[in-house]
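I opened this structure to look up its sheet, its open and closed spaces and its aromatic pairs, and I kept notes as I went.

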Amino acid sequence: MGTSISKYFREYKTSNIAAMIRNNRRDPDICHHDMKGKLVVISGATSGIGRAAALEYASHGAKLLCINRNPEKSEALKNEIEKTWGVECNYLLADLSRLEEIHKTANSLRDLNMPIDVLIHNAGVFLKKRTLTADGLEKVYVVQYLASFIINILLMDKLMSQEKARIILVNSEGHRFAAWGLDLEDLNWEKRHYSGLKSYGSAKLSQLLTLHIFNEYFKNSGVTINAMHPGAVKTETGQENGPLYRWYKRNILDKSLRPVSVASDALYFLGASERLEGVSGKFFNLTTAEEPAPPALDIEAANLLWAKSLEMGRVQEAILHVQGKYNIDAETIRKYG
């Protein structure tokens, strides 16, 4: 199924765009509850939003388990957190562009002998040129979307058996870059001209689409899953690109961005606030619930993408296990809405 302007054109509303612009200017709600003794898992925690979120949760007493690529930065973060706040901070090393390492990471999390209270999928990448992973998949799509999808699938049983957990997807208003939906026949960008913005938008849109299906699986389990736009904040995203882009980011783009604490405050609120107890399946601009772009509400596309993602991520058996153990009618879920 290719993209279609006519399919979504009439569904766009100027009021939704105005709400997005208005919400982008708001400050996040603040939560002062502590998280002492709780375990928070964060991917991409050595810089930017992930690092700020790790420090924020640590300052409220949470134990941290960070999923990172860089061993030196991971060790430095661990030492800083443990020395400053006296809480436990461990890490797993993984390249979340490689399916084997994504599966290995998910299995390590699944085998933990303690519950995961908050799982924050933050790792990301932005590339201006199409880059393939070792598995032959487009890198942005894997890191920004497929990695979190696989980990959520493989952790479903653990999280549902806990009867309480919060999953937070660090998403983006950038899902609107895929204004006319996904090209489900070309998720790997083999047939179309590659665009960094459109690739990024497609990955974030994919995350929002499968959010609907995850939410249905988690109903009445005590597990919630939400997505959030972390605000236009200054991060190190895009450093993999060439010198011209890095100059533009450093000298022009970064000067208009807000401090990263805006994002970490929002992530803490979404993970700790009692006001979010039981709230699931939502998209937040920081801490304000917002309606995403029309393609993100397309349940037919969500179901088609779900099936393709199970295959791409090699997790068909894992979802069948969950369906059998929890007596979940997958056909009903596919037809919901």
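My entries below go from the sheet to the pocket, then to the cavities and the rings.

Before starting, I noted that this is a predicted model, in which local features need pLDDT of at least 70 and side-chain atom pairs count only at pLDDT 80 or more, while totals for chains, interfaces and linings use all residues. Residues are numbered from 1 along each chain as its sequence is written, and side-chain values use heavy atoms, with hydrogens and water left out.

**Sheet.** I looked up the strand order and found an open sheet of eight strands, E3-E2-E1-E4-E5-E6-E7-E8, with mixed pairing. Here helices (H or I, at least four residues) and strands (E, at least two) are DSSP runs numbered from the N terminus, and two strands pair if DSSP finds at least two bridges between them. Strand E3 (89-93) and strand E8 (288-289) are at the edges with a single partner strand each, so one side of each has no neighbour in the sheet. I then followed strand E1 (residues 39-43), which pairs with strand E4 (residues 118-121) in the parallel sense over three bridges, and I saw that Ile 42 stands opposite Ile 120 in E4.

**Pocket.** I turned to the second largest pocket, whose volume is about 390 Å³. On a 1 Å grid over the protein atoms alone, a pocket is an open set of points with protein on both sides within 12 Å along at least five of seven lines, a cavity is a set where a 1.4 Å probe fits but cannot get out, and lining residues have an atom within 4 Å of a point. A volume is the space filled by probe spheres set on the points, which are joined across faces, edges and corners. This pocket is lined by 22 residues, and closest to its centre are Asp 117, Lys 164, Arg 166, Gly 271 and Glu 277.

**Cavities.** My search of the whole structure gave four cavities of 30 Å³ or more, and the largest has a volume of about 70 Å³. Its lining has 13 residues, with Ser 43, His 121, Ala 123, Val 143 and Ser 148 nearest the centre. Helix H6 (139-162) and H7 are the elements that give two or more residues to this lining, and H6 has the largest share, five residues.

**Rings.** I found twelve aromatic pairs in the whole structure. Rings of Phe, Tyr and Trp (its six-membered ring) pair if their centres lie within 6.5 Å, and planes under 30 degrees apart count as stacked, over 60 as edge-to-face and the rest as tilted. Phe 214 and Trp 306 form an edge-to-face pair, 4.9 Å centre to centre with 75° between the planes. Phe 214 lies in helix H7 and Trp 306 in helix H10 (residues 299-312), so this pair ties together parts 92 residues apart in sequence.
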